[in-house]
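Trainee: Could you take me through the aromatic pairs here, one close look at how the rings meet and where they sit?

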Amino acid sequence: MKKLFALILAACMLLTLAACSGNTSTSTTAPASNSNSGSTKPAETAAAGDTNGDGVFRIGVYNYLSGLALGTEEDIAFQIALERYGGKINGEEVEWVIYDTQNNPSEAVTGVQYLIGKGCDAVIGSFQSADVVAAYPYLEDAKIFNLMSGTSGSIVTEDQVYSFRGSFNANMTASTYVQLAKDMGYSKIAIFYGQDEASVSNYEDIRPLFEDAGFDIVATETGSHQDTDYSAQCMKIVNAKPEIVYVVCSGAGVNFVKQLREYGYNGFIMNKDEWMTSHVDVCGEEFSNYVIGVVPYTTYKSLDAAREAGASENVLDFLEKYSEKSGGAMPTLGITYRMHDAALIIFEAATRAGTNHDSDALVAAVQTIGDLQGCCGTIDFTRGDREPCHDFTPIIYCDGGSKTFAKWEENGGYDAYLQNTGREK
């Protein structure tokens, strides 16, 4: 065989928090809207340009936070990014205006309109691609520089001027999954994909790649990440006897993965997203074994675990700073890395532009970034594709933690896999 991301934001509250660690950043949390309307016509709003005239660099964030640890983790990630620039950008304090989209694209639109009204100079978008698709046209119309944190390949479009990705494009990893499965000697694969925008986009990209590589797709199933019963899909996949299963679904399809294991499939699962600590908490250690992701980063239970697993120097540097600020805790969501890198990109663009309040200058500056070091590795916008990340690593979860696939294999992981699962290959 060949080598082969807890702050629950209040629903009807406005609070201002002084960020810790001695920097001058503040955070304002918006009240959640009760509106369910989702107008499709972008708001008529003036272009960004120190709208409030107060000499504050105001950065808006619309994200799905309800019930997640992301609020707290996001705050720490932003602090770490800002401290790399001495706590101020171009001599100005940074204020964060946060809006909880509640995993609702209509709420994301309401949130973006709120951020525009607050005079935000730049905006970081949701990790939920459906939120981004609904909201970014309003930011384009308002001419506000923004970074989109979703991983769907389709959120970056040729008509965009002010919008760039701030995370990684999962569709760019598709060929690596196919090659890895091929290198492992497999030819029969089953696919489960979600019904959210990111999942459909990824499925439509990767299926033809598997077909072109000669794979026999023995089963194709779909379902919503909000479903609770995947028994029909699991039975069909198990009965098709795949050698490997590819899963692409919001939230890493954690409930589907758990049920697939319960139905007896114990082989490799290739997952479009990072297999995070939060997923293990739901799925359990045993059912999390042999989940593979081709990603720039993942979560770890401790700094030592990250070192032993072969985490990159950039990730280790972030985790060391995160641990200092959190009292030894580690991020539980891979999304936390995305928030850090998005903030870093905004700060670097503003520093290069010499202004925090001119979106056109920020757009020009971000496209000169070619060697910025973030959690995803080298951030490079000079290729003209509006994508920051271009290098990815196969990472496998096994025996209580994540490690690079190469390191796992070197340490006899594949032989142990065969022995533990009773599979032929």
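Mentor: Let's fix one term before we dig in: buried means under 20% relative accessible area, exposed is over 50%, and partly exposed falls in between (1.4 Å probe, protein chains only). Keep in mind that this is a predicted model, where local features need pLDDT of at least 70, side-chain atom pairs count only at pLDDT 80 or more, and totals for chains, interfaces and linings use all residues. Residues are numbered from 1 along each chain as its sequence is written, and side-chain values use heavy atoms, leaving out hydrogens and water.

Searching the whole structure gives 26 aromatic pairs. Rings of Phe, Tyr and Trp (its six-membered ring) pair if their centres lie within 6.5 Å; planes under 30 degrees apart are stacked, over 60 edge-to-face, and the rest tilted.

Take Trp96 and Phe347: their ring centres are 6.0 Å apart with planes at 70°, so they meet edge-to-face. Trp96 belongs to strand 4 (residues 93-100) and Phe347 to helix 12 (residues 335-353), so this pair ties together parts 251 residues apart in sequence. Those elements are DSSP runs numbered from the N terminus: helices are H or I, at least four residues, and strands E, at least two. Trp96 is buried at 2% relative accessibility, and Phe347 is buried at 0%.

Now Tyr177 and Tyr246: with centres 5.3 Å apart and planes at 80°, this pair is edge-to-face. Tyr177 sits in helix 4 (residues 174-183) and Tyr246 in strand 10 (residues 244-248), so parts 69 residues apart in sequence are tied together. Tyr177 is buried at 0% relative accessibility, and Tyr246 is buried with a relative accessible area of 0%.
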